[in-house]
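Colleague: I'm new to reading structures, and I'd like to know where the labels come from. Could you take me through this one?

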Amino acid sequence: MTKQNRTLYAAPEPDYAVAPGETLRDRLDELGMSQAELARRTGLTPKHVNQVLHGQASLSSDVAQRLEYATATPARWWLRLEADYRAAQQKLAERNLVESDIAWVKSMPVRHLVKVGAIPAEPKTPTDRLDQLLRFFGVANVDAFRRIWAEPSAAFLQSRAYEIDTAAVTAWLRLGEVEVQKDAPVALFDPDALRSKLPELRAATALPTRRGIQHFLTHCREAGLAVALVPEISGARAYGATRWVAGRQRPLMQLSMRGKTDAALWDACFHELGHVLLHDRRSVFIETDAGDPSGTSVEQQEAEARQFAEDLLIPPHHARELSELKSPEDALDFAESIGVGVAVVVGRLERDGLWSYTTGAHLKTRLDVEHLVAEDTRPTRTWTLPGASS
């Protein structure tokens, strides 16, 4: 006999709750017993029996035991029916309350979250989607979600709300939290250890891209800095983010690879490092291409992180030579001489307006977002990087 493939689907939850009293009424009909006789046999008042039959009175363990004697149906059966009934009532009450939250569900990037496996594909009714999203965010209700994200991150996002999808950003941030929870625990954060590793982190930019990123992640983890590589969600427009989790005891750096090149990724890496080492643990930083609100502390802190990254990767005394680089060969020579990846040099030349985005494009590695980082395809030369391990 040929076995047929069968797909099992979860039965939808009922939109009503069955009170134990309905089962009790059926049992009384089977026994030919009236409500009045049941009251006499159990020692309950006729009013109490009527309330139990109509689900208006809870069925206590005492009443369940009395019903067992009177109907020959075990007390545990009546108690199970009562527990199921009350749970169903609560669920239905919650469903009625969440109608006002359907707009919140619709605002979320559900398709993306299904695609990456963060929430199940089925069932997909609005109420089921609400339940799935609440579980994903780890909150009991939408009000709790808003309280959590109404802290610094939301304030930070509101200044850009007219240009980015805040629901997409918050979902992307949550994916980062979930991602680092899967990994092996990082060490306790040690800012001095992280500072001591800056030369090694900088040297990682000169390694083949995949290996360089792995070196970067390993050194950060050893210093207690968790790093999550989470591809961007459409509408978020975020390159990177830095925030403190676990009661503000652990820094979490999140990178989206939005620029899709190693130059953009390295820039984001060291920019976020600046936030970790320079700024307050209560702050949340989300780098987008929407720009920073002028004249605010956000603008100042972003400028500080940007300067930190630039000075670390290409120290000021070397940066003076950038204007003299005219060809890809010049960029390769310069990168080799200062011990950084050529993509770092090309990215800086582009941001400073010294090169067009086509001049050194072939010196950058395209990132495969689906597989996080692609192997290098750029033309390069082999050299020995001082202090870098292979």
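Modeller: Happily! A search of the whole structure finds 17 salt bridges. Please keep in mind that this is a predicted model, where local features need pLDDT of at least 70, side-chain atom pairs count only at pLDDT 80 or more, and totals for chains, interfaces and linings use all residues. Residues are numbered from 1 along each chain as its sequence is written, and side-chain values use heavy atoms, with hydrogens and water left out.

Colleague: What makes the meeting of Glu177 and Arg174 a salt bridge?

Modeller: The rule asks for a side-chain nitrogen of Lys or Arg within 4 Å of a carboxyl oxygen of Asp or Glu. For Glu177 and Arg174 the N to O distance is 2.9 Å, so the pair passes the 4 Å limit. Both residues lie in helix H11 (residues 166–182), three residues apart, about one turn of the helix. Together with Arg243, the two are linked in a network of salt bridges.

Colleague: Why is Arg174 called buried?

Modeller: Buried means under 20% relative accessible area, exposed means over 50%, and partly exposed is in between (1.4 Å probe, protein chains only). Arg174 has 13%, so it falls under the 20% limit. Of the 390 residues of the protein, 45% count as buried.

Colleague: Asp267 and Arg351 meet in a salt bridge too. How do you know that this pair links distant parts of the chain?

Modeller: First the distance: 3.7 Å, N to O, which is within the 4 Å allowed. Asp267 is in helix H15 and Arg351 in helix H19 (residues 342–351), 84 residues apart. Asp267 has a relative accessible area of 26% and Arg351 has 40%, so both sit in the range called partly exposed.

Colleague: What does the salt bridge of Arg348 and Glu310 tie together?

Modeller: That pair has an N to O distance of 3.9 Å. Arg348 lies in helix H19 and Glu310 in helix H16 (residues 297–313), so parts 38 residues apart in sequence are joined. Both of these residues are buried.

Colleague: How are the helices and strands decided?

Modeller: They are DSSP runs, numbered from the N terminus: H or I of at least four residues for helices, E of at least two for strands. In this protein that gives 19 helices and four strands.

Colleague: Why are H14 and H15 called roughly parallel or roughly antiparallel, whichever it is?

Modeller: Axes are lines fitted to C-alpha atoms, for helices over the stretch in contact, and angles run from 0 to 180 degrees between N-to-C directions. Under 35 degrees counts as roughly parallel, over 145 as roughly antiparallel, 65 to 115 as roughly perpendicular, and the rest as oblique. The axes of H14 (residues 209–222) and H15 (residues 262–278) cross at roughly 10 degrees and come within 12 Å, so these helices are roughly parallel. Their contact (heavy atoms within 4.5 Å) includes Ile213 and Phe216 of H14 and Leu265 and Trp266 of H15.

Colleague: What makes up the contact of H14 with H15, by residue class?

Modeller: Seven residues are nonpolar, two polar and one charged. Here Ala, Val, Leu, Ile, Met, Phe, Trp, Tyr, Cys and Pro count as nonpolar, Asp, Glu, Lys and Arg as charged, and the others, Gly among them, as polar.

Colleague: Now the sheet. What makes strands E1 and E4 its edges?

Modeller: The four strands form an open sheet in the order E1-E3-E2-E4, with mixed pairing. E1 (226–229) and E4 (285–288) each have a single partner strand, so one side of each has no neighbour in the sheet.

Colleague: How do you know that E2 pairs with E3 and with E4?

Modeller: Two strands pair if DSSP finds at least two bridges between them. E2 (residues 238–245) and E3 (residues 250–255) are antiparallel over six bridges, and four bridges join E2 to E4, also antiparallel, so both pairs meet the rule. Gly240 stands opposite Leu255 in E3, and its bridge partner in E4 is Glu287.

Colleague: What makes you say E2 is mostly covered?

Modeller: Six of its eight residues are buried. In E4, Phe285 and Glu287 point one way and Ile286 and Thr288 the other, and all are buried.
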